[in-house]
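Q: I'm new to this structure and would like a close look at a single part of it. Please pick a spot on the surface, start there, and then walk me from that spot into the rest of the fold.

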Amino acid sequence: MFTSKIGRMRFFFYSLGVALLEAVLAVLCIVGTIGFEGLVNSAPGPSRQGMAGAVLVVSLLAVVMPANIAWRRSRDANGKAWILWSYIVFCAIYAFLQAGTLLVIDFKNPESTSSGLNLLALSIFGLWCTILVAKPVAGINIDELTSVFDFDGDTPMPAGSGRMASSTAQSSMRNATPATRSVPSAQPMGRPRPAGFGKRGL
C-alpha cells in the first residue's frame, strides 16, 4: 500500500486529504492548549510554547505522509531526484517556520506576519505541481493492464481474425494435398485371360 505507484489523480486527492488532515490536527492542538481566543489575546513568547510545540510535532509527523506519496508519484513518473528532495526538505522547513510563526506572531499587528513563509509556501506549491504533472515512464506493461482491468483467461482476438485464420488454414490444406492417381493392379502370373466368352485366347 505504501510502496505502490500513484497516478496523477490519486496523487492530487491524496495530497488534498493530507492537507486537510494536517489542518484539522493543528486546530485540535490550538483548541486543546490555549484556544483561539487565548492565541489571539496572548502576547507572543512563553505563553504559547506549549501550543507551538504541539503544532510542531503534528506538522513534522504530517510531513511523512506527503513525502511518501510524493516519492511514489515521482518513481511512477520517473521524476528528477532533486525536485523530490527539495519538496520534502521545504515541507520540513515549513513545519518549523509555521510553529515559530504561531509562537511569535502578534495578531494585533498585521505587519508582524512573515512574508518569507508565504514565499516558501509558493515554492512548495510549485514543486508539488511539477511532481503532479510529470509524465509517466514510457512503455506499457501488459501484466499491469490485465491486472487493472481484471481480464480472465487469454486476451480476446480482434474481430475478423477468426475468419482470416480459417481461410488461411483451408488454402494451405488445398495446396498441401497432392493429386494421387490410381495405380493398376498387377496381373497374376500364368495363362492370359480369354478375350471373350467362347473364344480362345491368343
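A: Let's start with a nonpolar patch on the surface, made by Met9, Phe12, Phe13, Tyr14, Leu16 and Leu20, with an area of about 610 Å². Before going on, keep in mind that this is a predicted model.

Take Met9 as your way in. Met9 sits in helix H1. With a relative accessibility of 55%, Met9 counts as exposed, because the cut-off for that is over 50%.

Now follow the helix that Met9 belongs to. H1 covers residues 8-33. Its 26 residues reach 38 Å from the first C-alpha to the last, close to the 38 Å expected at 1.5 Å a residue. Not everything in H1 is out in the open like Met9: Phe11, Ser15, Val18, Ala26, Cys29 and Ile30 are buried there. What covers these buried residues of H1? H2, H3 and H5 are included in that cover.

There's an in-between case in this helix too. Leu25 is found in H1, and at 32% relative accessibility it counts as partly exposed. Leu25 also gives you a handy link to another stretch of the chain: its C-alpha atom and that of Ser59 are separated by 8.5 Å, although these two residues are 34 apart along the chain.

Just after H1 comes Gly35, which takes a positive phi of about 80 degrees. Helix H2 (residues 35-41) is where you'll find Gly38. Gly38 is partly exposed, with a relative accessible area of 26%. Its C-alpha atom is 9.1 Å from that of Arg48, a residue 10 positions away along the chain.

Next is H3, which spans residues 49-76. H3 has 28 residues and reaches 41 Å between its first and last C-alpha atoms, close to the 40 Å expected at 1.5 Å a residue. Look for charges here: Asp76 forms a salt bridge with Arg73, and the closest N and O atoms are 3.6 Å apart. Asp76 and Arg73 are three residues apart in H3, so about one helical turn separates them. Are these two buried or exposed? Both Asp76 and Arg73 are buried. A search of the whole structure finds one salt bridge.

Move on a little and you reach Asn78, in the loop between H3 and H4. Phi of Asn78 is near 55 degrees, a positive value in a residue other than glycine. Asn78 is exposed, with a relative accessible area of 61%.

Now for a helix that shows its two sides nicely. H5 (residues 115-132) has 18 residues and reaches 26 Å from its first C-alpha to its last, close to the 26 Å expected at 1.5 Å a residue. Which residues of H5 are buried? They are Leu117, Leu120, Ile124, Leu127, Trp128, Ile131 and Leu132. Looking down the axis of H5, you'd see these buried residues fall within an arc of 140 degrees, so they line one face of the helix. On the other side of H5, Ser115, Leu119, Leu122 and Phe125 are exposed. The buried residues of H5 are covered by parts that include H1, H3 and H4 (81-104). That brings you back to H1, the helix that holds Met9. The link shows up from both ends: H5 is also among what covers the buried residues of H1.

Finally, step back for the whole chain. How many helices and strands does it have? There are seven helices and zero strands, and from the N terminus on, the elements run α-α-α-α-α-α-α. Of the 202 residues, 23% count as buried. The accessible surface comes to about 15000 Å², with 66% of it belonging to carbon and sulfur atoms. As for contacts between residues at least 6 apart in sequence, 79% of them join residues at least 24 apart.

Definitions and conventions
Residues are numbered from 1 along each chain as its sequence is written. This is a predicted model: local features need pLDDT of at least 70, side-chain atom pairs count only at pLDDT 80 or more; totals for chains, interfaces and linings use all residues. Side-chain values use heavy atoms; hydrogens and water are left out. Helices (H or I, at least four residues) and strands (E, at least two) are DSSP runs, numbered from the N terminus. The expected span of a helix is 1.5 Å times one less than its number of residues. Buried means under 20% relative accessible area, exposed over 50%, partly exposed in between (1.4 Å probe, protein chains only). The arc is that of the directions from the helix axis to the C-beta atoms. Contact means heavy atoms within 4.5 Å. Patches are made of residues with over 30% relative accessible area and no salt bridge: like charges are joined within 9 Å, nonpolar side chains (Val, Leu, Ile, Met, Phe, Trp, Tyr) within 5 Å. Accessible areas come from the Shrake-Rupley method with a 1.4 Å probe; for residues, only the protein chains shown count as cover. A salt bridge is a side-chain nitrogen of Lys or Arg within 4 Å of a carboxyl oxygen of Asp or Glu.
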